[in-house]
Amino acid sequence: MYLVTVVIPFFNAHSTIGRTLKSIFSQAGLTEGSIEVIVVDDCSTIPLGRNISIINSALRIITLPVNKGAAYARNKGIEEAKGRFVAFCDSDDYWQPNKLSIQLDFMMKNDSYFTYTSYYKYFATIDRKVLVEAPVRQSYDDLIRSCSIGCSTVVIDREKLNEELKMPNIRRRQDYATWLYLTKKYGPALGLKEPFTFYTISKGSISRNKLVAARQHYQVLASFETNTLKRLFYFSFYLIKGLNKYLKY
């Protein structure tokens, strides 16, 4: 039994996974044997196991026979997890060396089931980073208007849930749908102001496909809010936020 399991969905991110794993296995303040890492290879064109140089007994690689998307890969990792806490990190993101120890300590002191942190958006093609500050608290009513939680910053205490942790099996925005579900059922998530994560945005990233992202965001809202006027009202926050980001970046 581990203290924390880090779940990483992977698909053809061979150029960045080494950096990601190094940042996780370099976490300070955690005793040996307290952390495991599960990488779920979502049927990459070149299997991850042939191209990884980091060898660690706490590293497990699960290879899926068919590509099923990040939600399925994350859920597979969660199913296999042996840690009380589950942390998420994408295969092109990476952490500051004190992220987990500070975040876990924060969770224990505040008796929190769900936390997240500030993070940097790292634009790889121009080598630029932009700080995204995390609110100190996010309730369902906050999140339905705008999501300020980066998936690679999240840690969840599974012991505080009365069910198995699972993301909806949709191709995009499954993390946002999960945060909405959890906060609606279990109460607000808590945030740390320190930026412990670098969230990488590269050319061709899913995050760049704005129309697809907008459609999926609306579909997620529709699964929680049946009233069309309320749904459109909440969707307007997403559009305004997207416009502000476009003008800013």
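In this predicted model, Thr16 is found in the loop that runs between strand S1 (2–10) and helix H1 (17–25). Although it belongs to a loop, Thr16 is buried, because its relative accessible area is 15% and the cut-off for burial is under 20%. Leaving aside residues up to four places away in sequence, Thr16 touches Ser91 and Asp92.

From this loop, attention turns to the nonpolar interior. The largest nonpolar core is made of 37 residues, and Phe88, Phe114, Ile156 and Trp179 are those with the most contacts inside it. Many elements feed this core: strands S2 (35–41), S4 (83–88) and S6 (114–123), together with helices H2 (70–80), H4 (140–143), H5 (174–186), H6 (210–224) and H7 (228–248), each supply at least two of its residues. Helix H5 gives the largest share, namely five residues. A second core, separate from this one, holds 21 residues, including Val4, Ile24, Val37 and Met107.

Phe114 is a good place to look more closely. Its relative accessible area is 0%, so Phe114 counts as buried. Not counting residues up to four places away in sequence, Phe114 is in contact with Met107, Ile149, Val154, Val155, Ile156, Trp179, Leu182, Thr183, Ala189 and Leu190. One of these partners, Trp179, is likewise buried, with a relative accessible area of 0%.

The aromatic side chains add another layer to this picture. There are twelve aromatic pairs in the model. Phe114 and Trp179 make up one that is tilted, with 5.2 Å from centre to centre and 50 degrees between the planes. This pair joins distant parts of the chain, since Phe114 sits in strand S6 and Trp179 in helix H5, 65 residues apart. Ring pairs also link Phe88, Tyr113, Phe114, Trp179 and Tyr186 into a cluster. Elsewhere, lysines meet aromatic faces: Lys99 lies over the face of Trp95, 4.4 Å from the ring centre, and the charged end of Lys129 sits over the ring of Tyr120, at 4.4 Å from its centre.

Lys99 also leads into helix H3, which covers residues 99–110. Helix H3 has twelve residues and reaches 16 Å from its first C-alpha to its last, close to the 16 Å expected at 1.5 Å a residue. The buried residues of H3 are Lys99, Leu100, Gln103, Leu104 and Met107. These residues cover an arc of only 105 degrees around the axis, and therefore lie on the same side of H3. Just after H3, Asp111 adopts a positive phi of about 50 degrees.

Helix H6 can be checked in the same spirit. With 15 residues at 1.5 Å a residue, H6 should span 21 Å, and its end C-alpha atoms are 22 Å apart, which agrees. Its buried residues are Val212, Ala213, Ala214, Gln216, His217, Val220, Leu221 and Phe224, and H6 is among the elements that supply at least two residues of the largest core.

Helix H4, another contributor to that core, also contains Asp142. Asp142 is partly exposed, because its relative accessible area is 31%, between the 20% and 50% cut-offs. Asp142 and Thr183 are 41 residues apart in sequence, and their C-alpha atoms are 9.7 Å apart in space. Thr183 is in turn one of the residues that Phe114 touches.

Definitions and conventions
Residues numbered from 1 in each chain as written. Predicted model: local features only at pLDDT ≥ 70, side-chain atom pairs only at ≥ 80, totals over all residues. Heavy atoms only, no water. Core = buried A, V, L, I, M, F, W, Y, C linked by side-chain atoms within 4.5 Å. Buried < 20%, exposed > 50% of the residue type's maximum accessible area, 1.4 Å probe, protein only. Helix = DSSP H or I, 4+ residues; strand = E, 2+ residues; numbered from the N terminus. Contact = heavy atoms within 4.5 Å. Expected span 1.5 Å × (residues − 1). Phe/Tyr/Trp six-rings, centres within 6.5 Å; stacked < 30°, edge-to-face > 60°. Lys NZ or Arg CZ within 6 Å of the ring centre and 35° of its normal. Arc of directions from axis to C-beta.
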